[in-house]
Amino acid sequence: MEQDSKGREVLEQMLKVRTSYPPDVLKSREVLAREAPEYLELFHKTYLYVLHGRSALPPKMKELIIIAVDAAQFYERGLRSHIRSALEAGATRDEIVEALLASSLAAGIHALSVSLPIFDEVVGQWENERKEPLKQEPP
């Protein structure tokens, strides 16, 4: 029972920081909370350290890097989550597209076949929620 309590506590801490988990990813975190709460806690501490504990790169840049890696790995759920996080951190359409283009250098054009429709969907949702188009950088 103590393990369940520890896992619930860690999951609650995670959800205060990461509010954009897709349902299937959230389910995996719930299972980890129940089955391996110590691992979930270490994972969460690593996440906090990399994204918030270090300051050599601004949060927006870290999110753009994660987007490029997720695209190169064809990781759709991560793309949805981190494109949204990048937008929240102030990224522009052009910055996100450039990160996706960079990923195609490592993973090939198929990375764009997967990532650009997700980009379009997430940015569309973002704009609808805010009732204004996302800024684009001048050419």
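## A walk through the helices

Start by selecting α4 and α5: their axes come within 9 Å and cross at roughly 160°. Angles over 145 degrees count as roughly antiparallel, so that is how α4 and α5 lie relative to each other. Keep in mind as you click around that this is a predicted model. Look at the handedness too: α4 passes α5 in a left-handed crossing.

Now show side chains at this contact. From α4, pick E63, I66, I67, D70 and A71; they meet G78, L79, H82, I83, S85 and A86 in α5. Colour them by class and you'll get 6 nonpolar, 3 polar and 2 charged residues.

**Zoom out**

Switch to cartoon for the whole chain. You'll count 7 helices and 0 strands, so to speak an α-α-α-α-α-α-α run from the N terminus on. Along the principal axes, the C-alpha atoms fill a box of roughly 55 × 35 × 30 Å. Colour by burial, and 36% of the 139 residues count as buried. Take the contacts between residues at least 6 apart in sequence: 64% of these join residues at least 24 apart.

**On to α7**

Select residues 110-130, which make up helix α7. Try the distance tool on the C-alpha atoms at its two ends: they are 31 Å apart, and this agrees with the 30 Å that 21 residues should span at 1.5 Å a residue.

Which residues of α7 are buried? Highlight A111, L112, S115, I118, F119, V122, V123, W126 and E127. Notice the spacing as you go along: an α-helix has 3.6 residues a turn, so residues three or four places apart point the same way. To see what the buried residues of α7 pack against, bring up α4 (59-72), α5 (76-88) and α6 (93-107).

Before leaving this end, click on K131, just after α7, which takes a positive phi of about 60°.

**Last stop: α6 against α7**

Hide everything but α6 and α7. Their axes are 10 Å apart, and the helices pack at an angle of about 165°. This pair is therefore roughly antiparallel as well. Here the handedness is the thing to check: α6 passes α7 in a right-handed crossing, whereas α4 passes α5 in a left-handed one.

For the side chains, select R93, I96, V97, L100, L101, S103, S104 and A107 in α6. Across from these, in α7, are A111, L112, S115, L116, F119, D120, V123 and E127. Colour this contact by class and you'll find 10 nonpolar, 3 polar and 3 charged residues.

Terms used
Residues are numbered from 1 along each chain as its sequence is written. This is a predicted model: local features need pLDDT of at least 70, side-chain atom pairs count only at pLDDT 80 or more; totals for chains, interfaces and linings use all residues. Side-chain values use heavy atoms; hydrogens and water are left out. Helices (H or I, at least four residues) and strands (E, at least two) are DSSP runs, numbered from the N terminus. The expected span of a helix is 1.5 Å times one less than its number of residues. Buried means under 20% relative accessible area, exposed over 50%, partly exposed in between (1.4 Å probe, protein chains only). Contact means heavy atoms within 4.5 Å. Axes are lines fitted to C-alpha atoms, for helices over the stretch in contact, and angles run from 0 to 180 degrees between N-to-C directions. Angles under 35 degrees count as roughly parallel, over 145 as roughly antiparallel, 65 to 115 as roughly perpendicular and the rest as oblique. A crossing is left-handed if the near helix is turned anticlockwise from the far one by less than a right angle, and right-handed if clockwise. Ala, Val, Leu, Ile, Met, Phe, Trp, Tyr, Cys and Pro count as nonpolar, Asp, Glu, Lys and Arg as charged, and the others, Gly among them, as polar.
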